[in-house]
Amino acid sequence: MKLGISNVITLLSGVALFLFGMSLMGDGLKKVAGNKLELVLYKLSGSPLKGVLLGTGVTAIIQSSSATSVMVVGFVNSGMMKVKQAIGIIMGAILGTSVTGWIICLSSLEGGSGWVSLLSTSTLTGIVAVIGIILRTFSKKQLKNHVGDILMGFAVLMFGMSAMSSAVSPLRESAFFLDLLTTFSNPILGILVGMLFTCVLQSASAAVGILQALAATGVITFAVAYPLIMGIAIGAAMPVLLSSLGSNVNGKRTAFVYLLIDVLGAIIWSILFYGANAIVHFSFLNMSMNTVAIAALNTIFRFATVLVLTPFIGLIEKQVCSLFKDTEESGREQEDFARLEALFIEHPAVAIEHSREAINNMTLEAKANLEDAFYLIGNYSEKAFQFIAQREDVVDKYEDKLGNYLVKITSKELTPSQTKEVTKFLHTIGDVERISDHAMNIAECAKEIHEKGIVFSAAAQEELRIMFEAVNEITHNTFNAFINSDLELAYRVEPLEDVVDNLCDEMKLHHVDRLQRGICTLNQGFVFNDLLTNYERISDHCSNIALGLIETQSDDFDPHAYITSLKEMRDHNFDLYYNEYSERFALPK
């Protein structure tokens, strides 16, 4: 019994060292490669074949298909890469992760006499470890430090592999273990065990490494290894799926591609292999597998899957798009962007009308984001926070596409009224995008308040409530004035903007007084001031939008007459509106 417990402890420590060594080596490789890997993936993945080759190469370097796939999910989530491009890279990542198995094969090297003894696992591991620790400890150059990390990671990985092999070596004599392995030769059970095992480890390379350690005992047959390898491939999708939980629809589609490819690979090769075996009765099923044979089987299975599925990348894209349908928001966004086609620029009236519809939807997105951010304070949830972040990405895309499109329209011959419209749009999109940015900032303040358990004093809460109502009023007036071209509503914005500025100054003074009296803490003060700063900036951008609207709608239009328009805003019932808002949003004494 003592021997059994000792072996279990040795096995677990070997697994721990193996995982740590693989992580250390992968991190070192990524640091040596620098940030160029992301740039390479982003810029050079134009065709499916390029994507597969790049995914294979990058994964072979960083030793993690999950890391490569998570990176690609991020690209697709941000709009930098299409789902179709990502599928090729993920296929390459699935193939590239098999390289680790070949590295592990070095652990099976055995030394002989003389110089050949230098090739033994223990000697090789020792030499690599010594060189690694020297570079890590004594070198002042960062590159050499990272190379030291790679070598140390390799040495730890090999030591862990040796520990696992020695721990499981007695199992070759265990009748119970041999009977258990026989049950794994059942394809369905073997695939499920391999899948669950990899989900727990969160690493296909580690799962294959442990299988190789078992194979070193001579008890793993082809019939056992084959379904386990397929299950390990499927289980490797778990970290990628988890990474997509906060992603948009395209990000979720990309993550699901990883699972879909491995599942399809397992189905295809299970049907073909076991179907052929039922007819031919393969003689090699009971063949004992060693570490090299496991590495070869793993690589062949992955290569065959990628080879067969690469021509069907377009079909796979359609399948994941049908499984994860566009939300109402993403559908509207895509419809707007589809309208902004270059061919319409030759017809300015059509192009301007399409731009108007897109900008109106952009303002609605920004308005919804701001309202959700306001609600998040005191009602925080991670799901709502992620939704605000996703909508902020949408607003950014609107600004980028609309800005480029409107500039192209200005190159055409426009009527005076069309020139007014385009100028108004160009005035507006930057300020709308900045308002959405500040909504994101407010959401981050809400997250900080939630995570740190910050509770404002009753006086501070009341002041923030009043400020919230004032900012909500100014954004409501601004967006409605723009969408409906309502000049009377636009004239109300600047007086309220002055009131918001005054409120900010007054609230800051009140907060300093509360700090001095010990009612509020410095920690509360940072978040309080951040909120006020964002509220004030939002009202400034609302003023810009209203001012641009008044400029372009006035009869004596002059796109450079900022001062004249500002004076007109102050003359047009300015004092009346200012007094109304000052009374309505007065702070308690």
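The following paragraphs lead through this predicted model, from its overall make-up to individual helices, helix pairs and side-chain interactions.

The protein contains 26 helices and zero strands. Of its 589 residues, 48% are buried. When contacts between residues at least 6 apart in sequence are considered, 80% of them join residues at least 24 apart.

Helix α5, residues 83-96, is a suitable place to begin. With 14 residues at 1.5 Å a residue, α5 should span 20 Å, and its end C-alpha atoms are indeed 20 Å apart, so expectation and model agree. As for its surroundings, 12 of the 14 residues of α5 are buried, and the helix is therefore largely enclosed by the rest of the structure. The buried set consists of Val-83, Ala-86, Ile-87, Gly-88, Ile-89, Ile-90, Met-91, Gly-92, Ala-93, Ile-94, Leu-95 and Gly-96.

The discussion now turns to helix packing. Two packed helices are described by the angle between their axes and the distance between the axes. For helix α12 (residues 222-235) and helix α14 (residues 249-280), the angle is about 160 degrees and the axes are 8 Å apart. Since angles over 145 degrees count as roughly antiparallel, α12 is roughly antiparallel to α14. The crossing of these two helices is left-handed. On the α12 side, the contact is made by Phe-222, Tyr-226, Pro-227, Met-230, Ala-233 and Ile-234. The partners contributed by α14 include Tyr-258, Asp-262, Ala-266, Trp-269 and Phe-273.

Helix α12 also packs against helix α10, residues 187-201, at an angle of about 40 degrees and with the axes 6 Å apart. That angle makes α10 oblique to α12, and the crossing of α10 and α12 is right-handed. Among the α10 residues making this contact are Pro-187, Gly-190, Ile-191, Gly-194 and Thr-198. From α12 the contributors include Leu-228, Gly-231, Ile-232 and Gly-235. Pro-227, Met-230 and Ile-234 of α12 take part in the contact with α14, and Pro-227, Met-230 and Ile-234 also take part in the contact with α10.

Helix α18, residues 348-376, has 29 residues and reaches 41 Å from its first C-alpha to its last, close to the 42 Å expected at 1.5 Å a residue. After α18 comes Gly-378, whose phi is positive, near 90 degrees. Within the helix, the side chains of Glu-371 and Lys-367 meet in a salt bridge, with an N to O distance of 2.7 Å. These two residues are four apart in α18 and are thus separated by about one helical turn. An α-helix has 3.6 residues a turn, so residues three or four places apart point the same way. Glu-371 is partly exposed, at a relative accessible area of 37%.

The environment of Gln-418, in helix α20 (residues 416-452), leads back to this part of the chain. At 17% relative accessibility, Gln-418 counts as buried, because the cut-off for that class is under 20%. Its C-alpha atom is separated by 7.7 Å from that of Ile-352, although the two residues are 66 residues apart along the chain. Leaving aside neighbours within four places in sequence, Gln-418 is in contact with Pro-348, Ala-349, Ile-352 and Glu-413. In addition, Glu-353, Arg-356, Glu-421 and Lys-424 are linked in a network of salt bridges.

The structure holds 15 salt bridges, and two further examples join separate helices. In one of them, the side chains of Asp-149 and Arg-136 meet with an N to O distance of 2.7 Å. Asp-149 lies in helix α8 (residues 142-168) and Arg-136 in helix α7 (residues 121-138), so the pair ties together parts that are 13 residues apart in sequence. Asp-149 is buried, with a relative accessible area of 10%, whereas Arg-136 is partly exposed, at 39%.

In the other, Arg-514 forms a salt bridge with Glu-463, and the closest N and O atoms are 3.3 Å apart. Because Arg-514 belongs to helix α23 (residues 493-516) and Glu-463 to helix α21 (residues 458-484), this pair ties together parts that are 51 residues apart in sequence. Both Arg-514 and Glu-463 are buried.

How values were computed: Residues are numbered from 1 along each chain as its sequence is written. This is a predicted model: local features need pLDDT of at least 70, side-chain atom pairs count only at pLDDT 80 or more; totals for chains, interfaces and linings use all residues. Side-chain values use heavy atoms; hydrogens and water are left out. The expected span of a helix is 1.5 Å times one less than its number of residues. Buried means under 20% relative accessible area, exposed over 50%, partly exposed in between (1.4 Å probe, protein chains only). A salt bridge is a side-chain nitrogen of Lys or Arg within 4 Å of a carboxyl oxygen of Asp or Glu. Axes are lines fitted to C-alpha atoms, for helices over the stretch in contact, and angles run from 0 to 180 degrees between N-to-C directions. Angles under 35 degrees count as roughly parallel, over 145 as roughly antiparallel, 65 to 115 as roughly perpendicular and the rest as oblique. A crossing is left-handed if the near helix is turned anticlockwise from the far one by less than a right angle, and right-handed if clockwise. Contact means heavy atoms within 4.5 Å.
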